[in-house]
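New to this one? Let's go through it by asking how each label was earned.

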Amino acid sequence: MKKIEAIIKPFKLDEVKDALNAIGIQGMTVTEVKGFGRQKGHVELYRGAEYDIAFVPKIKIEIVVAEKVVDQVVATIIEKAKTGKIGDGKIFISKLEEIVRIRTGERGETAI
């Protein structure tokens with residue numbers, strides 16, 4: 001089992017979610033986050049004053065999947081989240097030791 005964490009631009013969320021649903025991904029956690037990478041924030045003008053926005057708003061999607069579908073999920077996220085411009089985001093993949101469904105006590109892939 002793997003956990004896929006994707007940091008994407010907020011306006012790409014619906015497109016990514018719909019594409020993941022289309023390939024059978026049923027559950028995900030979505031969090032509004034802020035951060036920066038090479039983008040290093042930007043300057044905005046508000047009522048004549050400049051404001052340095054150091055942290056850029058992003059969306060973090062967390063998905064737990066079986067190992068056999070990891071490549072398909074990652075490819076789908078890349079295809080739908082990519083704009084070709086700086087700040088498109090990152091995908092992190094980690095191995096999970098165990099999953100437990102609280103309601104039923106199921107463990108492993110059946111708990112996904």
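What follows is a set of questions and answers about a predicted model.

Q: Why is leucine 20 called buried?
A: Buried means under 20% relative accessible area. Leucine 20 has 0% relative accessibility, so the label fits. The residue is found in helix H1. Leaving aside neighbours within four places in sequence, leucine 20 is in contact with Ile25, Met28, Ile63, Val73, Thr76 and Ile77.

Q: And why is valine 64 called partly exposed?
A: Partly exposed is what lies between the two cut-offs, under 20% for buried and over 50% for exposed. Valine 64 has a relative accessible area of 29%, so it counts as partly exposed. Valine 64 sits in strand E5, and in that strand it is the bridge partner of lysine 3. Its contacts, not counting neighbours within four places in sequence, are Lys2, Lys3, Leu96, Ile99 and Ile112.

Q: What makes E5 mostly covered?
A: Count its buried residues: seven of the 10 in E5 are buried. The cut-off for each is under 20% relative accessible area.

Q: What makes a group of residues here a nonpolar core?
A: The residues have to be buried, come from a set list of nonpolar types, and be joined through side-chain atoms within 4.5 Å. The largest such core in this model has 16 residues, and Ile61, Ile63, Val73 and Ile77 have the most contacts inside it. Two or more residues each come from strand E1 (2-8), helix H1 (13-22), strand E5 (56-65) and helix H2 (70-81). H2 gives the largest share, five residues. As a general point, nonpolar side chains tend to be buried together in soluble globular proteins.

Q: Which residues does isoleucine 77 touch?
A: With residues up to four places away in sequence left out, isoleucine 77 touches Ile4, Ala6, Val16, Leu20, Ile63, Lys82 and Ile91. Each of those touches rests on heavy atoms within 4.5 Å.

Q: How do you know that E1 and E5 pair?
A: Pairing takes at least two bridges. E1 and E5 have seven, in the antiparallel sense, so by that cut-off they pair. One example is isoleucine 4, whose bridge partner in E5 is isoleucine 63.

Q: What joins E2 to E5, and what joins E1 to E6?
A: Seven bridges join E2 to E5, running antiparallel. Among the facing residues, threonine 29 stands opposite glutamate 62 in E5, and valine 30 has isoleucine 61 of E5 as its bridge partner. E1 and E6 are joined by six bridges, again antiparallel; there, isoleucine 4 has isoleucine 93 of E6 as its bridge partner.

Q: What makes E2 and E6 the edge strands?
A: The sheet is open, with four strands in the order E2-E5-E1-E6 and antiparallel pairing. Strand E2 (29-35) and strand E6 (90-95) each pair on one side only, and that makes them the edges. From one strand to the next, the twist averages 20°.

Q: Which strands do the two helices lie on?
A: H1 lies across E1, E2 and E5, and runs at about 10° to E5. H2 packs on the sheet too, where it touches E1, E5 and E6. The direction of H2 makes about 5° with that of E1.

Q: How is the packing of H1 and H2 described?
A: Two packed helices are described by the angle between their axes and the distance between the axes. For H1 and H2, the axes come within 9 Å and cross at roughly 150°. The crossing is right-handed.

Q: Which residues make the contact of H1 with H2, and how do they divide by class?
A: From H1 come Glu15, Val16, Ala19 and Leu20, and from H2 come Val73, Thr76, Ile77, Lys80 and Ala81. By class, that gives six nonpolar, one polar and two charged residues.

Q: How far apart are valine 64 and glutamate 5, in sequence and in space?
A: They are 59 residues apart in sequence, and 8.8 Å apart in space from C-alpha to C-alpha. For another pair, leucine 20 and lysine 95, the figures are 75 residues in sequence and 20 Å in space, again C-alpha to C-alpha.

Technical notes: Residues are numbered from 1 along each chain as its sequence is written. This is a predicted model: local features need pLDDT of at least 70, side-chain atom pairs count only at pLDDT 80 or more; totals for chains, interfaces and linings use all residues. Side-chain values use heavy atoms; hydrogens and water are left out. Buried means under 20% relative accessible area, exposed over 50%, partly exposed in between (1.4 Å probe, protein chains only). Axes are lines fitted to C-alpha atoms, for helices over the stretch in contact, and angles run from 0 to 180 degrees between N-to-C directions. A crossing is left-handed if the near helix is turned anticlockwise from the far one by less than a right angle, and right-handed if clockwise. Ala, Val, Leu, Ile, Met, Phe, Trp, Tyr, Cys and Pro count as nonpolar, Asp, Glu, Lys and Arg as charged, and the others, Gly among them, as polar.
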